[in-house]
Amino acid sequence: MIGFEQKQENKSGLRISWQGLRNILSRNSELAAVKSRYGVPLTNAGREVKLAMDSALEHSGHFNTVRNMVASGGIDAYPQFLGYAYLSGLQQNGFIRAGVEGLADEMTAKFIELIRTADTEDNNDDKINRINEFLNKFQIKELFNKAAALNGYFGGCLIYIDTGEDDLLSALDEKSLNHSIKGFTLIEPINTYPGRYNSTNPLSDNYFKPETWFVLGREVHISRLLYLSSEELSMLLKPAYNFYGISSAQIAADSVSHFIKDREAASRLLHKFSLLVFKTDMGSALYNGNPEELYSRVKVLADFRDNDSVLIIDKEDEDIVTVTTGITGITEIVRLSLELMPIMFRQPLTKFLGISPGGMNSTGESDENNWNEYVLSQCEKQFRKPLKRLLELIQYDLFGEVDEKIDFVFKIQSSNDETKEINNNKIKADTYVQLTTAGIISPEEARKALAQDERSGFNSIDIDAVPEPVDMGSPEELFGAFDEYDEAKHERDENGRFKSNSGSEKNNNDDIQTKIDSLNKIDFSKDNTLPNLNKETLEKYGFEDKPVVLKKNIIEKNKVNHPDITDDMAREIIGNSLYKPEVVLKANKEKPAYHNFITRLKDDKNSIVLLELSDAKENYEIVNYHYISDDGVNRKERIDNKIKS
């Protein structure tokens with residue numbers, strides 16, 4: 001708004017009144033309008049806290065800057081925060097929910113994998129196992145799934161780290177945690193409000209970054225909180241959005257609204273695309289006669305309007321005409337507005353609506369690749385910083401120090417990852433064969449390349465242990481073996497088939513099943529002595545024949561670390577792993593008696609028992625037992641290879 005005075009006698013036409021301009025910009029109504037749109041949003045922080053923050057912003061020049069923008073461009077030209085009440089209502093919209101929850105589920109479907117950034121002599125993978133147990137115990141994956149959803153609905157959230165302390169305003173002494181983390185609490189942004197923050201020095205790294213947060217009036221230091229935000233905003237808009245980001249629900253609300261309007265308009269058009277026009281003498285009916293007779297006549301026409309009815313009209317004074325509205329192209333318009341919604345969420349139609357892509361030669365593969373890249377970018381943007389902070393706190397809590405070599409990578413779920421990896425490995429293998437055949441590289445070099453490629457499937461092979469070619473012998477020796485065949489030594493049944501010599505194998509299987517069945521007698525409230533390992537397992541790995549013990553303290557510890565495992569599951573895990581092991585692997589370089597007994601149960605599900613095979617003890621003792629994924633088995637195999645090498 002610009003104050004001016006018009007002087008007809010002044011040849012210059014208009015003369016600006018600077019006094020009038022100052023008066024207009026200083027009006028309370030204008031300042032209130034600016035604060036309403038760009039001030040801190042309505043939360044549960046309390047009036048005193050909000051007034052204090054308004055005052056701080058005013059002295060920092062924040063509102064003065066916004067007022068100048070509004071004065072020059074008009075306040076209606078700028079967007080604004082929609083409010084937590086409105087955004088909460090958007091959660092009930094199916095399209096908004098599909099976009100927000102779909103991204104949150106994809107971001108946490110496989111979540112993270114803990115890795116070591118470098119091989120060291122003091123490599124202790126037991127730390128990674130304990131951190132994974134901590135993550136499972138406190139359900140961190142589920143916690144971050146809900147946090148990602150809140151980011152989508154409201155633009156951000158906080159996660160409170162509960163250490164049992166009452167003084168929440170002081171900074172968290174992370175180095176003295178020592179098993180004091182009690183749990184984690186997800187806090188919705190409606191219950192939060194920024195506390196102290198630097199609003200005067202843009203050269204500082206904490207400029208417009210709150211050092212404390214009010215949670216329903218209680219001030220909490222930022223070191224006790226994990227801050228998550230989806231789309232962070234510039235400095236001018238941060239206070240208006242409660243120092244979080246703009247939510248994807250707010251961004252997509254406009255497209256969703258347009259689609260709903262188009263869909264409703266199309267629905268109304270379908271009900272009214274055909275209009276029946278009844279021609280009659282309106283003047284006579286309305287002015288000279290009784291209008292009720294006209295209404296009754298129209299009602300009769302409407303009631304009997306049907307394809308199977310007969311309509312009788314006065315051929316002199318009446319006529320019937322049908323006016324039809326064309327609906328060609330309506331489907332394309334509605335579908336176009338429908339397909340614009342996933343664009344706001346950056347999701348392909350196959351993910352958002354379950355619609356197959358249209359067009360010639362459309363497979364949707366490129367869409368899925370783009371979507372996976374976007375999901376990974378969102379994981380990095382929203383999760384990387386808080387997860388790194390969380391990983392440090394967990395290590396301080398468990399070990400009293402941070403192992404800088406422990407890091408994590410995000411694992412993005414893809415329906416064709418395995419197929420792609422198989423095809424890629426096949427291409428690599430064909431390339432190595434061609435290069436070796438052409439004499440460009442040697443077989444040893446190809447073997448080294450396979451061993452160094454973690455995704456080749458052969459990364460565990462020993463580079464130096466090159467297998468020697470199989471000596472098939474001379475043709476006479478090869479075919480002479482058939483001359484030594486003695487029919488009398490190979491009995492056949494009445495149908496001419498060789499008889500199975502599996503009596504001992506059957507007895508062995510019966511013995512294994514007997515041992516597994518005996519686990520039904522396990523009492524999980526006390527120590528238990530289990531059957532000895534199978535003879536074949538003992539001979540294969542060179543173990544002594546000793547009873548297996550499951551102690552009460554191990555049972556209690558395992559229930560804490562794996563609360564989802566029931567007693568029946570525990571019997572299944574122990575029975576399959578100990579008495580039908582597919583592989584036995586060394587588990588810890590520092591504890592050579594520790595061995596992992598692993599058995600595959602079904603796709604991406606394996607049972608594992610960590611067994612201490614100590615020569616100094618009379619029994620073999622179970623250390624822990626749980627389920628493990630295929631990726632987990634691969635990690636155990638890599639540990640075994642490193643220990644053996």
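Which residue forms a salt bridge with E231? In this predicted model, the partner is K381, and the closest N and O atoms of the pair are 3.5 Å apart. It helps to look at where the two residues sit. E231 belongs to the loop between strand 9 (225-229) and helix 9 (248-272), while K381 belongs to helix 14 (residues 365-399), so this contact ties together parts that are 150 residues apart in sequence. Both ends of the bridge have some access to the surface: E231 is partly exposed, with a relative accessible area of 27%, and K381 is partly exposed as well, at 46%.

That pair is one of the 19 salt bridges that a search of the whole structure finds. Others stay within a single helix, and two of them are worth a visit. Start with helix 6 (residues 94-108), where R97 and E101 lie four residues apart, about one turn of the helix. Their side chains meet in a salt bridge with an N to O distance of 3.8 Å. R97 is partly exposed here, with a relative accessible area of 37%.

Now move along to helix 22 (residues 630-644). D640 and K644 are four residues apart in this helix, so about one helical turn separates them. The two form a salt bridge whose closest N and O atoms are 3.1 Å apart. Is each partner buried or exposed? D640 has a relative accessible area of 3%, and because this is under 20% it counts as buried. K644, in contrast, has a relative accessible area of 56%, which means that it is exposed, the cut-off being over 50%. Salt bridges can also be chained together: R116, K127, E401 and D403 are joined into one network by bridges that share partners.

From charged pairs, let us turn to empty space. Rolling a probe the size of a water molecule over the atoms shows where such space is left. The second largest pocket holds about 760 Å³ of space. Its lining is made up of 25 residues, and those nearest the centre of the pocket are K209, P210, I222, Y227 and K385. Strand 9 and helix 14 are the elements that give two or more residues to this lining. You have met both names already: strand 9 comes before the loop that holds E231, and helix 14 contains K381.

What classes of residue make up the lining of the second largest pocket? There are 10 nonpolar residues, six polar ones and nine charged ones. Among the residues nearest the centre, P210, I222 and Y227 count as nonpolar, whereas K209 and K385 count as charged.

Notes: Residues are numbered from 1 along each chain as its sequence is written. This is a predicted model: local features need pLDDT of at least 70, side-chain atom pairs count only at pLDDT 80 or more; totals for chains, interfaces and linings use all residues. Side-chain values use heavy atoms; hydrogens and water are left out. A salt bridge is a side-chain nitrogen of Lys or Arg within 4 Å of a carboxyl oxygen of Asp or Glu. Buried means under 20% relative accessible area, exposed over 50%, partly exposed in between (1.4 Å probe, protein chains only). On a 1 Å grid over the protein atoms alone, a cavity is a set of points where a 1.4 Å probe fits but cannot get out, and a pocket is an open set with protein on both sides within 12 Å along at least five of seven lines; lining residues have an atom within 4 Å of a point. Grid points are joined across faces, edges and corners, and a volume is the space filled by probe spheres set on the points.
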